[in-house]
Amino acid sequence: MLKSSVHNHSTWCDGKNTLEEMAAAACSAGFTDFGFSGHTYVGFVNFGVRDELAYAAQIRQLAKEYQGRMCLYAGMEHDYYYPVAHREVMDYIIGSVHEIQSPAIGRRYIIDGPKQSVLACREEVFGGDGLAMAEYFYEITAKNAEQYRPEVIGHFDLIVKNNADGSLFDEQSPRYRSAALDALACCCAADPVFEVNTGGIFRGYRAKPYPDPFLLRELLERNARVMINADAHETAAICFYFSECLELLHAIGYRSIWVWEKGEFVERGIAELSQP
Ligand SMILES: [Zn+2]
Ligand SMILES: [Zn+2]
């Protein structure tokens, strides 16, 4: 089975469980490698990991306690607008985009939250043009990869989070698809690992993981590296939908994925990972 993941939160940011509780759950579930990825700090709302050094030190301490049983890692979920401060003490960063900031009015619109915020963004920044909003999201996503070269790209198409009913923009439209594919090509140039993120399903927003199958097909075509992450904010989510995800990737044509083991990415066959 797949017993490794690098995208997990704790009470250092918006997770429900402490580092200790998350690590204990991962160890009981048989994980060999388990990485944390606290959100970078957003000062004016006091959200995220304020003291990255203390956070990393606490994880290193915990890692000592688990030595010989499970490897623990200190990572950050870096946001384009709120860059990581102490990358030098982290094992990796996950590059994500969680909001859109209006260049004209300077307001921030969270796209990883309630739909009202995304609707307000579409109306106030893009004059009601949902596709223009998606295009801007992908521009930032590409910049995030180019500027910061994160080891992992987080939930590449998060802009579809609140669009399960298609009311924000048409995901089938050529404009949407080419914006996503252009950003994907830019990201690929930085050679990151793209995560297949099951967190949106656990929290009831999506019926399928990020990124969408059309993007997973493109990644396969480009021979890009993909991994599976739960984006867990609580112990119950740590390996949620992993086996279904392996089946989905296999159905798309993948025969292997990349797995974080002993501090590096290694390629593993899906057949091997699918065995109980
Ligand atoms: Zn995220
Ligand atoms: Zn996350």
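Let's start at the heart of this predicted model: of the 80 residues in the largest nonpolar core, A26, A134, F137, V226 and M227 touch the most other members. Such a core is a set of buried Ala, Val, Leu, Ile, Met, Phe, Trp, Tyr and Cys residues joined through C-beta atoms within 7 Å. Buried means that 20 or more other C-beta atoms, placed from the backbone, lie within 10 Å of a residue's own. Helix α4 (residues 130–148) gives the most to this core, with seven residues. In soluble globular proteins, nonpolar side chains tend to be buried together.

Residues are numbered from 1 along each chain as its sequence is written. Local features here need pLDDT of at least 70, side-chain atom pairs count only at pLDDT 80 or more, and totals for chains, interfaces and linings use all residues.

Now the sheet. Seven strands form an open, parallel sheet in the order β1-β2-β3-β4-β7-β8-β9. Because β1 and β9 stand at the edges with a single partner strand each, one side of each is left without a neighbour in the sheet. Strands are DSSP runs of E with at least two residues, helices are runs of H or I with at least four, and strands pair if DSSP finds at least two bridges between them.

Next comes helix α7 (residues 213–221), where L215, L216 and L219 are buried. These residues cover an arc (from the directions from the helix axis to the C-beta atoms) of only 100 degrees, which puts them on the same side of α7. Here are elements that help to cover them:

| Element | Residues |
|---|---|
| α5 | 174–189 |
| β8 | 193–197 |
| β9 | 225–229 |
| α8 | 242–252 |

Methods. Chains are lettered from A and ligands numbered from 1 in the order in which they are written. A residue is buried if 20 or more other C-beta atoms lie within 10 Å of its own, exposed if 12 or fewer, and partly exposed in between; C-beta atoms are placed from the backbone. Two residues are in contact if their C-beta atoms, placed from the backbone, lie within 7 Å.
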